[in-house]
Amino acid sequence: MSLMLYNDLTRKKEPFIPLKEGEVGFYSCGPTVYDFFHIGNARPFIVFDVFRRYLEDIGYKVVFVQNFTDIDDKMINRANEEGITVKELADAFIKEYFEDADALGVRRADIYPRATDHMKEIVEVVQTLIDKGHAYVVDGDVFFSVESFPGYGKLSKQSIEDLQSGSRIDVNEQKRHPLDFALWKAQKPGEPAWESPWGLGRPGWHIECSVMSTKYLGNTFDIHSGGSDLIFPHHENEVAQAEAATGMQFVRFWLHNGYLLIDKEKMSKSLGNFLTVRNARKKYSPLAIRYFMLSAHYRSPINFSEEGLNQATGAVERLRNCWTDLEYALQSREQKEKDDTEAFLSEIKQAETKFYEEMNDDFNTAGALGSVFEVVRLINTYLKDNSSIDFKVCKAAQTFFTKIDGIMGIMGLESEKEELDTSEIESMIEERTAARKARDFAKSDAIRDQLAEKGIILEDTSEGTKWKKQLS
Ligand SMILES: [Zn+2]
């Protein structure tokens, strides 16, 4: 079964066939770097990270581009409040972005273009739009004329008339049509500005994404993603600008994630339920946050609640416990050829097939996680019922978990392997075991405490002392 994706452009599930065989160009709208990013923004970062990893897993070479919006009204206002330059503000919050995104296990994009590094390209495209009759200049501002582009509204599936009556539009006497939007804004006193044929100014928000995405991925590319709140006007305007400028189709597949509520309410600073990732991380493990985001279909709304996060934490712990149990079984139990081996191997294989079927069905991560827990149940049964085991079964399960963790990033297998000095932990455990045998409980407790400080939890079992890394 091949990958099917729901395309917001056609409102249909379609087979995903990239433009160039074996390669995928993928652009995802990034943050405006004027503050820490909030848990609602963490959703697209996590789900599109998983989609990119999945595409790589099934054999595509993916070029993943995510921009930083480093100039707009919010940037200018915040920089003025702080008494720093817009560039200083952007640099500071790009650094903070990476601290949170890295902690959430979001893999780094191949390219992180910044609007302020692309003024030349932006000015060129705006000029092309003017030359082709799609944009007009009024006192140093440049506006895109929506009536000049016959396809306007095709992404949000509304006519210009519907959009006009259905949206809040700032009244601006200079515009020919109320839906026309700024490609270039003339400098106001005190604002940073760049040179252009229309005078000093700065780009509008929409133009940066269409210019930078096509610069790195080509005039037509495979996937463009973002939150569903971006469909109109941001992505609609990107389509209009890009296609009016190049005369070619801009994006082949548009993917949008559903919104995130907090305790069933829309997150807002005025409601006092605004949650940054920085603060969420103080309470919940990044693995649990990832798991939570993947536990619903990406297009559905999701409700961030303490209960939901506790469930996610429990699920991650079950997965990690299963991994630890497998490791200990391989170390401490007797290897034996067994009659039930083939049956277990075939069930693990079936779960893996189901995992891929679910992911191929419009990235149904929720269904895919179901197949992961089928393997957890299977292994728990296997280890409980067999004192001697066939290592083939344990190794097949480990291979499966390693694979799904490489895609989902919910077990922490990769990052923790790098962080932990396993041999040091094991030699401390040996030392503790020796102390216990010698009935030196003061020493054995001291070693346990030292390990606890490193986040290592010990469990004394009939198979010896097991250790695992605490969720952090
Ligand atoms: Zn964008």
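This passage walks through the zinc site, a helix pair and the strand pairings of a predicted model.

A good place to start is the metal. Three side chains coordinate the zinc ion: Cys 29 and Cys 209 through their SG atoms, and His 234 through NE2, at 2.1 to 2.2 Å. Along the chain, the donors of the zinc ion are spaced as C-x179-C-x24-H. The cysteine pair thereby links distant parts of the chain, 180 residues apart. Cys 29 lies in the loop between β3 (23-28) and α1 (39-57), whereas Cys 209 belongs to helix α6 (residues 205-217). Both cysteines fall below the 20% limit used for burial: Cys 29 counts as buried because its relative accessibility is 10%, and Cys 209 counts as buried because its value is 1%.

Helix α6, which carries Cys 209, also takes part in a helix pair. The axes of α6 and helix α4 (residues 119-131) come within 10 Å and cross at roughly 105 degrees. The two helices are therefore roughly perpendicular to each other, since angles of 65 to 115 degrees are classed that way. On the α4 side, the contact involves Glu 121, Ile 122, Val 125, Val 126 and Leu 129. These residues meet Ile 207, Glu 208, Val 211 and Lys 215 in α6. By class, the residues of this contact comprise 6 nonpolar and 3 charged, with no polar ones.

Turning to the sheets, an open sheet of 4 strands is arranged in the order β5-β6-β7-β8, and its pairing is antiparallel. Its edge strands, β5 (135-138) and β8 (201-203), each pair on one side only. From one strand to the next, the twist averages 20 degrees. Within this sheet, β5 and strand β6 (residues 141-144) are paired in the antiparallel sense over 4 bridges. Tyr 136 has Phe 143 in β6 as its bridge partner, and Ala 135 stands opposite Phe 144 in β6. The two strands form a hairpin with 2 residues between them, and in the turn Asp 139 has a positive phi of about 50 degrees.

An open sheet of 3 strands follows the order β12-β11-β13, this one with mixed pairing. Here β12 (265-266) and β13 (302-304) stand at the edges; each has a single partner strand, so one side of each is left without a neighbour in the sheet. Strand β11 (residues 260-262) pairs with β12 in the antiparallel sense over 2 bridges. One of the residue pairings places Ile 262 with Glu 265 in β12 as its bridge partner.

Finally, there is a hairpin at β1 and β2. Strand β1 (residues 4-7) and strand β2 (residues 12-15) run antiparallel and are joined by 4 bridges. Leu 5 stands opposite Glu 14 in β2. The hairpin has 4 residues between its strands, and Arg 11 in the turn adopts a positive phi of about 55 degrees.

Notes:
Residues numbered from 1 in each chain as written. Predicted model: local features only at pLDDT ≥ 70, side-chain atom pairs only at ≥ 80, totals over all residues. Heavy atoms only, no water. Donors = N, O, S within 2.8 Å, 3.2 Å for Na, K, Ca; no water. Buried < 20%, exposed > 50% of the residue type's maximum accessible area, 1.4 Å probe, protein only. Axes fitted to C-alpha atoms, helices over the stretch in contact; angles between N-to-C directions. Parallel < 35°, antiparallel > 145°, perpendicular 65-115°, else oblique. Contact = heavy atoms within 4.5 Å. Nonpolar A, V, L, I, M, F, W, Y, C, P; charged D, E, K, R; others polar. Pairing = 2+ DSSP bridges.
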